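Thanks for coming. I will go through one structure today, starting with some charged pairs and ending with a sheet.

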Amino acid sequence: MYKSRREFIKKNSITLLGTTVLSATSTGLLGKTADFLMPQINDLLYFDAFTRIGPRRYKHPGEKWRLEEAVEELNHCSVSGAMVASTMSLSYDAMYSNLELSETLKSYKNLFPIWNILPHHTNEFLSPKELKVKMAEYKIKAVTIHPFSNGWDWTAESSQELLNYLNDNKVFTIVTVPELGGWKELNAFLDRYKSIPLLVTGISWGEQRYAIPLLTGHPNFHISFDRFQINEGLEFLYKKGHINQLIFATDTPTMSVGAHRAYIDYADIPKEAKAKIAGGNLSRLLGGLRPPAIHTNKNEDILMTAVRNGKPLPVPVIDMHMHMLHEGINGAGGTGYHMENGGPKGIFKMMEKLGVVGGGFMSWNGVVSNDSVQGNKLVKSALDVSPKGYWGLATFSPTHYTQEQLAEMIPQVYADKRIIGMKPYHYYGMEYNNPAYDIWWEYGNKNGLYALIHPSRSDLQEVEKLAAKYPNVRWVIAHAGGSYKMADMAISAMKKYKNVYAELTLTPVPLGVIEYMVAALGDDRILYGSDLPMRDPRQQLGWLVFSTLPLASKKRILGENAYKVVEPCLKNMPEHNVPEVFRNRK
């Protein structure tokens, strides 16, 4: 028994954020109050299957490439260890560079080399027999193969000795689809080498109809989600029974580590399944190899902590780039456009999980499928069932309808005051500064609307021309963070015109590009967007949350800056569609 209340509290309490609270276990305090008081700890061991360091061709000066940058990003994002490849083993002598990589990583107990290998017949590489000895000497557990880039034919008889060595010894092997020649060739590879544990990286979200069927019947086929950012992908593949084939791999320092771990952190699957994806599957395939300890960044901010624990962000998030499918469908035609739960129910449920409190969405069929009339109807029907805080963007086609028809259609659609945005698309086959679009832009300029612009050109000249001609429109450049080259063009346009904004989202999630843009522009005209359900929103959110920006800057980009874009429209919008955080600012 305890001698005093003080002794009881001392022995049965935890310290949380500087406040002493009773342990729920000790006191029997179970339920919501205790859950809130108890610290949330995500103790998953994250083990990155593929990072890649070294010089590369056509590199933008801002792009990351050094080992130190990869290590810094892994540590920042609470990843415990990684497999590391070198660009030099592909672009220079493979064995020389493999050994150089092993030497470079020798002092890191949580980093493990990936060797690039190729056939030995040209006296450039070791024979399979010699390779086996050398790999054992250097404790190499993983290899990459690059038949296309290194100029050898994996189907040739001369290559079979090497590939049979990998198959017979079950060597963990990493490759991309183009290196094998395509999806047909990958299928043949999996059929021939059933014992090679194969990780295929770099698969696009648009290749789902190739990739997902191959998981069935090929248990040696493993996929990562570096670019395979499919909406609710982990949940979908878990239900289909493919959990043992899913691998965490980031391609850092090219890509953001935080983007990819957020996909797992927020996954609506059992913790045991998350642990397999985060590092368990990789460790198993490597014969038990794993980092020595779980690493956690002790200096992370409240947003990073929330993501790691799968909790909604504790600050308001406004998503400025969303699409919508009809309720009950999981795809949108095209080339691999599978979008699980892409209708209003699925999308708004996901938004609540992440802490999104509002934003602007457009249709998919009106934008990408070119049916603007039906697309605008879809936007209205989705708004009818939306939670508070969401508004719509309309689409019009000057190539399907005459100027007279547009003059009638435009004011009819915008009579619905829940619709405040303009979303043109390059699939309509006309540059946005073409006079045929003027009728729409003039209406937007007169009524203070804003436009989300996916450029139809390789530059931003049309955006700059429109920003100068229509100063009352806020021109939001979509996908401005998709590459350093695009970031440079967006920076240039935004320095010239104060009514131009930048929305970040795109699959490549380049490491450091958000900080690069903020350093050049400040943080007051950069916006968060996800482009869901084309790609899952969790990687896009993690990319920003795990950036190295100060917390105040993250908060502005996540939600505060959106106010400036929609502010001229708020006075006419129904209260239901105004985000609550904006209501007191109207």
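**Salt bridges and a parallel sheet**

Let me start with one pair: Glu-300 and Arg-308 form a salt bridge through their side chains, with 2.8 Å from N to O. Please keep in mind that this is a predicted model.

Is Glu-300 buried or exposed? Glu-300 is buried, and its relative accessible area is 15%. Its partner Arg-308 has a relative accessibility of 8%, which counts as buried. The cut-off for buried is under 20%, and these two residues, at 15% and 8%, are on that side of the line.

Another pair of this kind is Arg-535 with Asp-531. Their side chains meet in a salt bridge at 2.6 Å, again N to O. Both Arg-535 and Asp-531 are buried.

Now a pair in another setting. Glu-137 makes a salt bridge with Lys-134, and the closest N and O atoms are 3.6 Å apart. Where do these two sit relative to each other? They are both in helix H7, which covers residues 128–137, and they are 3 residues apart, so about one helical turn separates them. As for accessibility, Glu-137 has a relative accessible area of 52% and is exposed. Lys-134, at 25% relative accessibility, is partly exposed.

How many salt bridges does the structure hold? The count is 21. Some residues are joined in a network: Arg-52, Asp-226, Arg-227 and Asp-251 are linked by salt bridges.

That is it for the charged pairs. On to the sheet.

The sheet is open and is made of 8 strands. Reading across, the order is E3-E4-E5-E6-E7-E8-E9-E10, and the pairing is parallel. Which strands stand at the edges? They are E3, residues 47–53, and E10, residues 246–247. Each of these has a single partner strand, so one side of each has no neighbour in the sheet.

Let me take one pairing inside the sheet. Strand E4, residues 81–86, runs parallel to strand E5, residues 111–117, and 3 bridges join them. Within this pairing, Met-83 is opposite Phe-112 of E5.

Finally, a helix on this part of the sheet. Which strands does helix H6 lie across? Helix H6, residues 94–104, lies across E3, E4 and E5. Relative to E5, helix H6 runs at about 180°. With angles taken between N-to-C directions, a value of about 180° means that H6 and E5 point in opposite directions.

That is all I have; I will take questions now.

Terms used
Residues are numbered from 1 along each chain as its sequence is written. This is a predicted model: local features need pLDDT of at least 70, side-chain atom pairs count only at pLDDT 80 or more; totals for chains, interfaces and linings use all residues. Side-chain values use heavy atoms; hydrogens and water are left out. A salt bridge is a side-chain nitrogen of Lys or Arg within 4 Å of a carboxyl oxygen of Asp or Glu. Helices (H or I, at least four residues) and strands (E, at least two) are DSSP runs, numbered from the N terminus. Buried means under 20% relative accessible area, exposed over 50%, partly exposed in between (1.4 Å probe, protein chains only). Two strands pair if DSSP finds at least two bridges between them. Contact means heavy atoms within 4.5 Å. Axes are lines fitted to C-alpha atoms, for helices over the stretch in contact, and angles run from 0 to 180 degrees between N-to-C directions.
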